[in-house]
Structures are given as C-alpha cells and as structure tokens.
Amino acid sequence: MQARCACGQLTVTLPDDLTPAVVACHCTACQRRSGSPFGVGAYYPRATLAFSGDTRSWTRHADSGGAFTTHFCPVCGSSVYWTTEKHPDAVGIAVGAIADPHFPAPVRSVWEETRHDWVEITPATQHFPRGRS
C-alpha cells in the first residue's frame, strides 16, 4: 500500500502487516493544512516506512510548543505526511493520500472544541476536547 501526492512524484510505502493508529484532528491548523474541516492521519513507526521522491517542508509550533513539520510535494503541493518533535519515531500519513475507501476509520477524535458542528466521527471510541496528552 502507498500514500502518494496528486502527481505521483512523492510516495510513502506503508507496511501491509501493521494496523496504524488513525486519528481525526479538528484543530484549526489541521483544517488549514488539509483544506478540509478536519485532518485524518494514520500513524506508523518511521522505521516501517519507505519514502521516495522530493519533498518540501514547513514547520509550525504546536500548542504543546513542539515542532510539527508537514512534508509536501513541491510539484503539486499535496500534503503527504508529517512529523512531530513530541513523537520523533512516528510519522503521520495523510489518509487522503492513501486514497483507499477500505482504510480503517479513526479510533480517536481530537481537538473537538474546534470541530465543525455538522461533523461527527462516529467510529472513534476516544474523543478529546483538545489534544491527547
């Protein structure tokens, strides 16, 4: 399975034998990063992923104070993955970049205090008004 940008230049090969932690985030930074009312990421150990292609990155400071770096394609601009200072051995993969309608649903929904009123992440079993500690 692969995550890739819109033009296909940037790809991340994902492990077939590992179920990721899938999280829906409603923070305003993820809304702006994704261009959607929420972002959905699948988190994998960095060592299980294979990266191919050129990337550009942009770093912002999360509410925790740590760095949150988004990696995107310099050709088409698609956000494909991100890394955080808080969890340096993990990589968040944009579920939209995987583009598999059978991919697992989010198990966690965070930053619900800025969730759009009409959005409900019903498969999630964990809900947090802000980020999970």
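The following exchange examines how several descriptions of this predicted model are justified.

User: What makes β1 and β2 a pair of strands?

Analyst: Two strands pair if at least two bridges are found between them. β1 and strand β2 (residues 11–13) have 3 bridges in the antiparallel sense, so the criterion is met. One of the contributions comes from R4, whose bridge partner in β2 is T11.

User: Why are β1 and β5 said to stand at the edges of the sheet?

Analyst: The open sheet has 3 strands in the order β1-β2-β5, with antiparallel pairing. β1 (2–4) and β5 (50–52) each have a single partner strand, so one side of each is left without a neighbour in the sheet. From one strand to the next, the twist averages 15°.

User: How do you know that S78 makes a polar contact with A6?

Analyst: The side chain of S78 reaches the backbone nitrogen of A6 at 3.1 Å. The cut-off is 3.5 Å, so this distance qualifies. S78 itself lies in the loop between β7 (67–72) and β8 (79–84). Beyond its neighbours within four places in sequence, S78 is in contact with C5, A6, H71, F72 and C73.

User: What is the class make-up of the lining of the largest pocket?

Analyst: The lining divides into 16 nonpolar, 12 polar and 8 charged residues. Of the 36 lining residues, Y43, K86, W111, G131 and R132 lie nearest the centre of this pocket, which holds about 940 Å³ of space.

User: Which element gives the largest share of the lining of the second largest pocket?

Analyst: That element is α2, with 3 residues. The volume of this pocket is about 190 Å³, and its lining has 5 nonpolar, 5 polar and 1 charged residues.

Technical notes:
Residues numbered from 1 in each chain as written. Predicted model: local features only at pLDDT ≥ 70, side-chain atom pairs only at ≥ 80, totals over all residues. Heavy atoms only, no water. Helix = DSSP H or I, 4+ residues; strand = E, 2+ residues; numbered from the N terminus. Axes fitted to C-alpha atoms, helices over the stretch in contact; angles between N-to-C directions. Polar contact = N/O pair within 3.5 Å; in protein donor to acceptor, adjacent residues only side chain to side chain. Contact = heavy atoms within 4.5 Å. 1 Å grid on protein atoms, 1.4 Å probe; cavity = no way out; pocket = protein on both sides within 12 Å on 5 of 7 lines; lining within 4 Å. Points joined across faces, edges and corners; volume = space filled by probe spheres on them. Nonpolar A, V, L, I, M, F, W, Y, C, P; charged D, E, K, R; others polar.
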